[in-house]
Amino acid sequence: MPAKRSAAPSLFHSDLDFGKKTKRTEAPTALYATPLPASRTGALYSAFSYPTKISPESIAVFVASHTQPGDTILDCFGGSGTTGLAALLAAKPTAKMKELATKLQVPVKWGPRKAVIYELSVLGSFVATTMCSPPSSSEFLKAAEKLISACEKKLPLLYAAIDDEGKEGWIRHAIWSDVLACPDCRGETTFWDAAVTLAPAAIAQNFKCPACGYVVSMDEIERVFETFQDPLTGRIAERKKRVLKRIYGESQGRKWSRPATAEDEVILRQASETPIPACVPIAEIPWGDLYRSGYHKGITHLHHFYTARNLLAMATIWESRSAILITTAGRMFTSPA
Ligand SMILES: C[S@@+](CC[C@H](N)C(=O)[O-])C[C@H]1O[C@@H](n2cnc3c(N)ncnc32)[C@H](O)[C@@H]1O
Ligand SMILES: [Zn+2]
């Protein structure tokens, strides 16, 4: 069930047999009475990012109760392919899916369905195709490990971080915070310092200026912008001023977190001073109606979505590929030779 990418997708597909009459399955009301549990975890959910993804296991219960085995399901707005995964899962229901159907007393018929999926975006189509027709997991793991170790050799310290006990570790993820201007004294602080507490974890509704004590609703606070020389376009550009605030890392199998330090800043500076690999495109974003001034101000090119470190990492991964793996759907994965 490959995801088809087409600017003007045809609603008619050779896999669809509109002449064939299948018995209409009655909508089970129990399915719609309460929201289904959609856990945001699990191998399928966690395998990729997509803004609108949903739990395929839950959708599979809808599929298995609204259609018959052998039916074809059409999804013209397929996103990351949840419908395709659900059609596959209907043939191999998990224990949780079976439990859910029994609990709701939903008349399911487990068994294989076909799915035809259209999706406009390159990312959605790629994810959907890959998830529905994955490569061999052992081949993929081998290729991924080779690729990661090739990149680590090129940039061994890119994600290095000293842990909260002084031992060497690496960054799992980091929190950056927008810089805000106090409307009263014009002093600068960060969103993190003005509104976030960790114990208990909370984000305040109001901004309280650490310098002058002025209190105002968070919605009314101005973000600070800064100018910089864009190393790719060569132009002076504007971007939201942001500060690295917290590091979440791992060392010797132990996960930890701590405030960002001057040493973390040094690695960031080194990353931003490293020449950007030639494979990074200078691609202007045709925002059109999608432009939102509060969010997108200063983001004129694709590379503005990345921090210097992440751009360097992605470009290095891209440049390090040289061999290919072909999936069952004929799509290519890249790996180093
Ligand atoms: C709400 S999302 C669907 C999410 C999906 N259930 C998933 O598994 O990720 C809607 C999708 O429709 C796509 N889309 C919007 N207009 C389209 C069009 N004319 N043809 C095909 N896809 C379109 C968007 O790119 C988006 O991924
Ligand atoms: Zn102030």
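The exercises below, each with a worked solution, concern one predicted model.

Local features of this predicted model need pLDDT of at least 70, side-chain atom pairs count only at pLDDT 80 or more, and totals for chains, interfaces and linings use all residues. Residues are numbered from 1 along each chain as its sequence is written, and chains are lettered from A and ligands numbered from 1 in the order in which they are written.

**Exercise 1. The chain as a whole**

Task: State how many helices and strands the chain has, and what share of its residues is buried.

Solution. Helices (H or I, at least four residues) and strands (E, at least two) are taken as DSSP runs, numbered from the N terminus. On this basis the chain has eleven helices and 17 strands. Next, a residue is buried if 20 or more other C-beta atoms, placed from the backbone, lie within 10 Å of its own, exposed if 12 or fewer, and partly exposed in between. By that count, 23% of the 337 residues are buried.

**Exercise 2. The length and sides of helix α7**

Task: Compare the expected span of α7 with the distance between its end C-alpha atoms, and then find where its buried residues lie.

Solution. The expected span of a helix is 1.5 Å times one less than its number of residues. Helix α7 (residues 137-154) has 18 residues and should therefore span 26 Å; its end C-alpha atoms are 26 Å apart, in agreement. The buried residues of α7 are A143, L147 and C151. They cover an arc (taken from the directions from the helix axis to the C-beta atoms) of only 65°, so they lie on the same side of α7. On the other side, S137, S138, L141, E145, S149 and K153 are exposed.

**Exercise 3. Helix α5 and what covers it**

Task: Identify the buried and the exposed residues of α5, and name elements that cover the buried ones.

Solution. In α5 (residues 95-103), M97, L100 and A101 are buried. Their arc around the axis is only 95°, which puts them on the same side of α5. A95, E99, T102 and K103 are exposed on the other side. The cover over the buried residues includes α3 (56-66) and α4 (82-89), where contact requires C-beta atoms, placed from the backbone, within 7 Å.

**Exercise 4. The nonpolar cores**

Task: Determine which element gives the most residues to the largest nonpolar core.

Solution. A nonpolar core is a set of buried Ala, Val, Leu, Ile, Met, Phe, Trp, Tyr and Cys residues joined through C-beta atoms within 7 Å. The largest has 25 residues, of which A60, V61, V63, A86, A87, L89 and A90 touch the most other members. Two or more residues come from each of α3, α4, α5, β3 (114-118) and α6 (122-132). Of these elements, α3 gives the most, with six residues. A second, separate core of seven residues includes W192, F207, C209 and I221.

**Exercise 5. Backbone exceptions**

Task: Locate the cis peptide bond and the residues Q105 and Q252, and decide whether these two residues are buried or exposed.

Solution. Most residues other than glycine have a negative phi, and most peptide bonds are trans. A cis peptide bond, with omega about 0°, joins A199 and P200; P200 lies in the loop between β7 (196-198) and β8 (201-203). Q105, in the loop between α5 and β3, has a positive phi near 55°. Q105 counts as exposed because it has 9 C-beta neighbours inside 10 Å. Q252 has a positive phi near 45° and lies in the loop between β14 (242-251) and β15 (254-259). With 8 C-beta neighbours inside 10 Å, Q252 also counts as exposed.

Notes:
Two residues are in contact if their C-beta atoms, placed from the backbone, lie within 7 Å.
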